[in-house]
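This report describes one protein chain for a reader who has its sequence and model at hand. Please look over both before reading on.

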Amino acid sequence: MSLFPTRKVGNLLACVLATALLVVATAGCRGAAPTATNEPVTLDVLAANSLTDAIKEINEAYTSTRPWVTIVPNIASSGTLQVQIENGGACDVFISAAAAQMDTLQNKGLLVDGSRRNLLNNKVVLVVPSNSTLGLSSFTDLALAKVNLIAIGDPASVPAGAYAQQAFDILGITDQVRSKYLMGADVRGVLAYVESGSADAGIVYATDVLASGKVTVVASAPDAINANVVYPVAITKNSRHQSEAQEYIDFLSSAQAMAIFGKYGFSPAVQ
């Protein structure tokens with residue numbers, strides 16, 4: 001019998017064995033890669049209203065290099081988002097415009113231990129319509145009789161409103177201005193009141209002014225207020241994708257993300 005068939009079988013077996021070894025090796029490499037690169041994942045990101053424009057651009061930058069990640073943003077006042085999380089709403093990452101809302105969630109055991117960090121700083125400012133003729137130049141001017149309506153966020157749920165209330169208390173004008181409040185559901189609503197002229201003045205973040213060409217900044221809040229305007233970020237306990245959420249938070253602190261935040265007027269938080 002000829003030996004050629006035997007040689008052909010031997011060569012075939014060798015090829016099959018080599019192919020099998022290659023498949024095993026390749027599979028081993030894939031197994032060592034992060035899960036996020038293999039499996040689609042959706043992250044629910046809850047962010048304070050003042051972050052609207054910045055977080056949209058950051059999410060686009062993040063997913064452009066991670067096509068397996070889908071980010072579902074939920075933008076509202078920090079207090080509203082806090083209540084949603086307390087009620088079990090979908091959330092992987094929460095970015096608050098103040099420490100108070102994050103403190104409440106942390107005290108209730110609703111955050112992943114060790115995931116919280118201070119992300120950004122902002123400033124609280126007093127704005128008037130660009131065509132205002134009242135001549136306001138300070139927070140204390142709000143107590144003057146010529147000022148009828150002052151737009152602020154609801155202090156119970158909007159951090160900017162809480163900061164406004166604290167500023168009035170520090171300056172000793174709360175009793176004179178309380179009856180003039182025009183409450184907004186969030187800081188963008190407050191800005192809209194001033195832009196339209198529905199309010200004589202309003203208290204918003206410096207970052208909000210950059211998105212508007214219809215208001216003028218006339219004063220900054222007292223240093224005691226602005227020194228504490230911090231945006232913390234954390235992963236929530238009910239997140240089903242905690243490792244991917246951590247990767248997203250790490251990106252928020254990256255140079256690329258901070259450059260985007262800076263474009264919208266935010267600065268890295270002083271740790």
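## Nonpolar cores

The model is predicted. Its largest nonpolar core has 69 residues, and those touching the most other members are Leu-51, Ile-95, Leu-142, Phe-168 and Phe-261. A second core, separate from this one, holds ten residues, including Ala-76, Cys-91, Phe-94 and Met-102.

Leu-142 serves as an example from the largest core. Apart from its neighbours within four places in sequence, Leu-142 is in contact with Leu-126, Leu-136, Val-147, Ile-150, Phe-168, Val-177, Lys-180, Ala-201 and Ile-203.

## The chain as a whole

The chain contains eleven helices and eleven strands. It has 271 residues, and 43% of them count as buried. Among contacts with a separation of 6 or more, 79% are made by residues 24 or more positions apart. The accessible surface is about 13,100 Å², and carbon and sulfur atoms make up 57% of that area.

## The six-stranded sheet

Strands of a sheet pair through backbone hydrogen bonds, either parallel or antiparallel. One open sheet has six strands, in the order β2-β1-β3-β10-β4-β11, with mixed pairing. Its edge strands, β2 (69-76) and β11 (267-268), each pair on one side only.

Strand β1 (residues 41-48) runs parallel to β2, and eight bridges join the two. Within this pair, Ala-48 stands opposite Ala-76 in β2.

## Helix α4 and its cover

Helix α4 (residues 99-107) lies across two strands of the six-stranded sheet, β3 and β10. The angle between α4 and β10 is about 30 degrees.

Which residues of α4 are buried? They are Gln-101, Met-102 and Leu-105. Viewed down the axis of α4, these buried residues fall within an arc of 95 degrees, so they line one face of the helix. Their cover includes α3 (78-86), β3 (93-95), α5 and β10 (230-235). Met-102 is also listed in the second nonpolar core. Just after α4 comes Gly-109, which takes a positive phi of about 70 degrees.

## Ile-249 in helix α10

Ile-249 lies in helix α10, which spans residues 242-252. With a relative accessible area of 0%, Ile-249 is buried. Leaving aside neighbours within four places in sequence, the contacts of Ile-249 are Val-93, Ser-115, Arg-117, Val-233, Ala-234 and Ile-235.

One of these partners, Arg-117, is 132 residues from Ile-249 in sequence. In space, the two C-alpha atoms are 9.1 Å apart.

## The five-stranded sheet

In what order do the strands of the other open sheet lie? Its five strands follow the order β7-β6-β8-β5-β9, and the pairing is mixed. The edge strands here are β7 (181-184) and β9 (215-220), each of which pairs on one side only. From one strand to the next, the twist averages 35 degrees.

Strand β6 (residues 150-153) pairs with β7 in the parallel sense, over four bridges. Ile-152 stands opposite Met-183 in β7.

## Helices across the five-stranded sheet

Helix α5 (residues 159-171) lies across β5 (124-129), β6, β7 and β8 (201-205), and its direction is at about 120 degrees to β8. Helix α7 (residues 187-196) lies across β5, β6, β7, β8 and β9. The angle between α7 and β8 is about 145 degrees. Helix α5 is also among the elements that cover the buried residues of α4.

Technical notes:
Residues are numbered from 1 along each chain as its sequence is written. This is a predicted model: local features need pLDDT of at least 70, side-chain atom pairs count only at pLDDT 80 or more; totals for chains, interfaces and linings use all residues. Side-chain values use heavy atoms; hydrogens and water are left out. Two strands pair if DSSP finds at least two bridges between them. Axes are lines fitted to C-alpha atoms, for helices over the stretch in contact, and angles run from 0 to 180 degrees between N-to-C directions. Contact means heavy atoms within 4.5 Å. Buried means under 20% relative accessible area, exposed over 50%, partly exposed in between (1.4 Å probe, protein chains only). The arc is that of the directions from the helix axis to the C-beta atoms. Accessible areas come from the Shrake-Rupley method with a 1.4 Å probe; for residues, only the protein chains shown count as cover. A nonpolar core is a set of buried Ala, Val, Leu, Ile, Met, Phe, Trp, Tyr and Cys residues joined through side-chain atoms within 4.5 Å.
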